[in-house]
Structure formats: C-alpha cells, structure tokens
Amino acid sequence: MSRKKLIAGNWKMNLCAKKAEDFANEMKGTVNTDAVDVVFCVPYVHLSAMKGIFAGTKIGVGAQNMHYAASGAYTGEISGEMLASMDIPYVIIGHSERREYFKESDTEVNLKALAALEAGLTPIICIGETSKQRKSGRTFNVIRKQLAFAIDEMSADDMAKIVIAYEPIWAIGTGDVATKEQAEEVCALIREEVKAGHGQAAAEKIRILYGGSVAPENAKELFSMPNIDGGLVGGASLKASFEKVVHFE
Ligand code: PEP
C-alpha cells in the first residue's frame, strides 16, 4: 500500500507575530501540492493566526507539545483537548529538545501520545539516539526501547493514527544529516518493530518520518527511501526554500 508522505515543519521557539504572519503568507503563495501532506508546527501563540492564514490552502497547522491531562491545575500548560477544540490536527510529542531541556521521560512521552490520540489528534512522536549511543553501536537498542515505551498501550488501529519521527540527535540542527542508508535502516527497523507487535497491516499504514538537518539539497534522496514517509524539518522550515523541501520530486 502507498502511504501519503508528510512533511512537517517545526518552527521551535522562533518568529514573533509579524514575522510569523509574513512568512506564512509567503509560504501560502509557494507551497501548493496534493502529493504530500504539509504542516507547520508553530508556537502555541501563533496557532490561531496561522489557522486563519492557511485556511483554504493545502497547509495544515500543528502544535509542538501538549500536556497529558485534559484539563486541571497545570499552570502554563496546554491540553490535547484544547488543541482539538481549535481543529489543530497534529502535535509533536517527545522532541529531543523537550526530553533534554525539560526532562521529559519515556513514560511522559507515552502518556502524552495516548492523550493526543484520546483527543483525536495525530501525535508525531520523536525518537532518536545520541551520537555517543550510535558510536557505541547501541542505536537499534535505543530505538527499540524508546519506541516500545512510546506506543505502549496502543492498538493496531492506532498505528494508522500516529506518526513516528526518527530524529538522530546528532543530526538535529547540526547540518550533519544522516545518510539515506542510515535513515532508511532505522526507519525500516521501526516498521519491523510495529509489524512484530501489531501485524503487517499496521506496519504498512504507520507513517515514519526522518528528521535531522533535512534541507532542499537532501530531501529527495531521503524521502525516496522505501521506509521514509517524509520529514520533520526544523531550521529549513523557517526559510523560503522550505517550498523546495515540500516539492522535492
Ligand atoms: C527538528 O527540529 O526536529 C529538526 C530536525 O531540526 P533541524 O531540521 O533543524 O535539524
């Protein structure tokens, strides 16, 4: 079966209101494709404005994080229910920057991913090894472990509703992109693990992205690999040339 590719931009904590609106208007004029799904995961404060600017276009809007509780005394947090109530379809969960700087654990990532599903959102769940783990030959074990935690308690049907982003930490924001073979080998492993746990049909449906220094120059070779269903793109999603990542074919 063929999976529709997804190219998700992650703006991280960048762009103040006016710059975000100007950039979104520029993207609105250049990003136009039915071949792939395109989404910008923006800071919470821009969700509403971006929904307005991208209304009627092929560009979707997503969030970069959420809390696992539906509501309650969690000052400063945002719930999946809140995102769903704004018709925000996607949310990044467990980005390595959140794991590192905000000490998000594998258990928390799982709770958030389950809560996103419960709210009807598509979680883009990030997993990936450090440079040290890769150099010591532990990549596959790290990925297996992070994946097992992330999708714990999910059903075979849920596999079609989630996205896994393989993001080697050494490749994020460094310009040190994984080779297409390195990225493909881990994305293939993730699909094999899903197959082992949930069967062939679920494994064929789940979308697995690669993230880490994706840019116009490398998008085509990465996205042409059989187990890579698109990308999670940080720095390059803040540039006009993001349009070339989206129209990579
Ligand atoms: C990311 O933010 O998930 C990411 C992959 O960043 P970059 O594309 O800048 O490496």
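The legends below describe close-up views of pockets and cysteines in a predicted model.

**View 1. The largest pocket and the residues around its centre.** This pocket has a volume of about 490 Å³. Its lining consists of 18 residues, and those nearest the centre are Met13, Gln64, Asn65, Arg98 and Phe102. Sorted by class, the lining residues of the largest pocket are nine nonpolar, five polar and four charged.

**View 2. Helix 4 at the largest pocket.** Helix 4 spans residues 96-101. With three residues, helix 4 gives the most to the lining of the largest pocket.

**View 3. The second largest pocket.** The volume here is about 260 Å³. The second largest pocket is lined by 21 residues, with Ser213, Val214, Gly234, Gly235 and Ala236 closest to its centre. By class, its lining comprises eleven polar, seven nonpolar and three charged residues.

**View 4. Cys126, a cysteine outside any disulfide.** The structure holds zero disulfides. For Cys126, the nearest cysteine sulfur belongs to Cys41 and is 9.1 Å away. A disulfide requires the two sulfur atoms to be within 2.5 Å, so a pair at that distance does not count as one. Cys126 is also buried, with a relative accessible area of 2%.

**View 5. Cys187 and the closest cysteine sulfur.** The closest cysteine sulfur to that of Cys187 is in Cys126, 12 Å away. The two sulfurs are not bonded because this distance is too far for a bond. Cys187 counts as buried, at 0% relative accessibility.

Definitions and conventions: Residues numbered from 1 in each chain as written. Predicted model: local features only at pLDDT ≥ 70, side-chain atom pairs only at ≥ 80, totals over all residues. Heavy atoms only, no water. 1 Å grid on protein atoms, 1.4 Å probe; cavity = no way out; pocket = protein on both sides within 12 Å on 5 of 7 lines; lining within 4 Å. Points joined across faces, edges and corners; volume = space filled by probe spheres on them. Helix = DSSP H or I, 4+ residues; strand = E, 2+ residues; numbered from the N terminus. Nonpolar A, V, L, I, M, F, W, Y, C, P; charged D, E, K, R; others polar. Buried < 20%, exposed > 50% of the residue type's maximum accessible area, 1.4 Å probe, protein only.
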